[in-house]
Amino acid sequence: MIVEEIAAFLTAQGLGTLGTDMWLHVTPDEPTECLTIYEYAGDDPEYVQNDVSVDTENPRVQIAVRSDQPQVARLRAEEVYQALMKIRNEMLNGTRILRCVPVDNPALLGRDESGRFLVTTNFRVKKELTSL
């Protein structure tokens, strides 16, 4: 799953630790300062010339950063944003990621039910087809 590859990359960059301050698909109530990686529907797959099989896929991911201080959430989101934009043709957890293309800039989404700030940013991930 693409969220696992992105989490592995962010961990290697020192931007989070899965299960401590980084989560996949669901954000727990604690810790206050954390980031969550969500996968959602992306663009259509790409084919090569007349070949009937898919060559690359284009899923999308959202990074949501939470903190009780808006500037802390924004700074961490910016760090993640800058790191993901640098991915070029990297093998992550057995999946070749060709690049991460930002869909938007980090932006304040609002507050969660506990009043903590959420800053999000979204990426289209161009990756080779994952075999089953």
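Accessible areas come from the Shrake-Rupley method with a 1.4 Å probe, and for residues only the protein chains shown count as cover. The model is predicted: local features need pLDDT of at least 70, side-chain atom pairs count only at pLDDT 80 or more, and totals for chains, interfaces and linings use all residues. Residues are numbered from 1 along each chain as its sequence is written, and side-chain values use heavy atoms, with hydrogens and water left out.

**Exercise 1. Surface and charge**

Task: State what the accessible surface of the chain comes to, and how many positive and negative side chains the chain has.

Solution. The accessible surface is about 7,200 Å². Carbon and sulfur atoms hold 50% of that surface. For charge, Lys and Arg count as positive and Asp and Glu as negative, while His and the chain ends are not counted. Each charge is placed at NZ of Lys, CZ of Arg, CG of Asp or CD of Glu. This gives 13 positive and 21 negative side chains, with the centres of the two sets 5 Å apart.

**Exercise 2. Elements and overall form**

Task: Give the order of the elements, then compare the radius of gyration with the globule rule.

Solution. Helices (H or I, at least four residues) and strands (E, at least two) are DSSP runs numbered from the N terminus. The chain has 2 helices and 7 strands, in the order α-β-β-β-α-β-β-β-β from the N terminus. The radius of gyration is taken over C-alpha atoms, and the rule is 2.2 Å times the number of residues to the power 0.38. For 132 residues a compact globule would have a radius near 14 Å, and the 15 Å of the chain agrees with this. Along its principal axes the C-alpha trace spans about 50 × 25 × 25 Å.

**Exercise 3. The nonpolar core**

Task: Find which residues of the largest nonpolar core touch the most other members, and which elements give two or more residues to this core.

Solution. Buried means under 20% relative accessible area, exposed over 50%, and partly exposed in between (1.4 Å probe, protein chains only). By this rule 37% of the 132 residues are buried. A nonpolar core is a set of buried Ala, Val, Leu, Ile, Met, Phe, Trp, Tyr and Cys residues joined through side-chain atoms within 4.5 Å. The largest core has 26 residues, and those touching the most other members are Ile 6, Leu 10, Leu 35, Ile 37, Ile 63, Leu 84 and Cys 100. Two or more residues come from each of H1 (2-12), E2 (34-47), E3 (54-67), H2 (70-85), E5 (95-102) and E7 (117-128). In H1, the buried residues include Ile 6 and Leu 10. Contact means heavy atoms within 4.5 Å. Leaving aside neighbours within four places in sequence, the contacts of Leu 35 include Leu 10, Ile 63 and Val 80.

**Exercise 4. The loop between E1 and E2**

Task: Locate the cis peptide bond and describe the surroundings of Pro 31.

Solution. The cis bond joins Glu 30 and Pro 31, with omega about 5 degrees. Pro 31 sits in the loop between E1 (22-24) and E2. Its relative accessibility is 24%, so Pro 31 counts as partly exposed. Not counting residues up to four places away in sequence, Pro 31 touches Thr 20, Asp 21, Trp 23 and Arg 66. The C-alpha atoms of Pro 31 and Thr 20 are separated by 7.9 Å. His 25 lies in the loop between E1 and E2 as well, and its phi is positive, near 75 degrees.
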